[in-house]
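Me: I'm opening this one for the first time, so could you walk me through part of it?

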Amino acid sequence: EYAGALVRVGMIGEALEQYNQLPPSKELAFEVIDVHSSVGNFAGAEALCRTLLLRHPTDKDLRLKLAATLVWQEDFNEALAIYRVRLAIEPNDQNLLLSVAETQTWSGSPSQALLIFRGLMDHGAEEERVRIGLRI
């Protein structure tokens, strides 16, 4: 909690030092990745994701965290490749489909994104992200 409070007041370096003193866990790793991302250090967030994936190569949440980090860096192709591998396993995951559609929109492929957004609406998706996607 102390490290989180440090983040909230902008003391990022001190917060990361505090995080480094805590016992490692997946939740802690995700918090550190989020701290890096929150200050625009997407390269640091990506590096941490990739290091953790070397130890946990089958961790789907970590792989999706990497994809999100790649999107922030505008590496849309690699992010979409990660999402597509996951979609092959979970083709009806609405959050994953939304992530793909949003990434396609940002990458300059809005027509492909619209197909996904419309498909989600047709299947009853009520999320605000879908309505926003359809307005783009």
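Me: Which residue follows α8, and what is the sign of its phi?
Reply: α8 is followed by Gly124, and the phi of Gly124 is positive, near 85 degrees. Keep in mind that this is a predicted model, where local features need pLDDT of at least 70, side-chain atom pairs count only at pLDDT 80 or more, and totals for chains, interfaces and linings use all residues. Residues are numbered from 1 along each chain as its sequence is written, and side-chain values use heavy atoms, with hydrogens and water left out.

Me: Which residues of α8 are buried?
Reply: Ala113, Ile116, Phe117 and Leu120 are buried in α8, where buried means under 20% relative accessible area, exposed over 50% and partly exposed in between, with a 1.4 Å probe and protein chains only. Seen down the axis of α8, these buried residues fall within an arc of 100 degrees (taken from the directions from the helix axis to the C-beta atoms), so they line one face of the helix.

Me: And what is exposed on the other side of α8?
Reply: On that other side, Ser111, Leu115 and Asp122 are exposed.

Me: How does Arg118 count?
Reply: Arg118, which is found in helix α8, counts as partly exposed because its relative accessibility is 47%.

Me: Changing topic, what covers the buried residues of α8?
Reply: The cover includes α7 (94–106) and α9 (128–135), with contact meaning heavy atoms within 4.5 Å.

Technical notes. Helix = DSSP H or I, 4+ residues; strand = E, 2+ residues; numbered from the N terminus.
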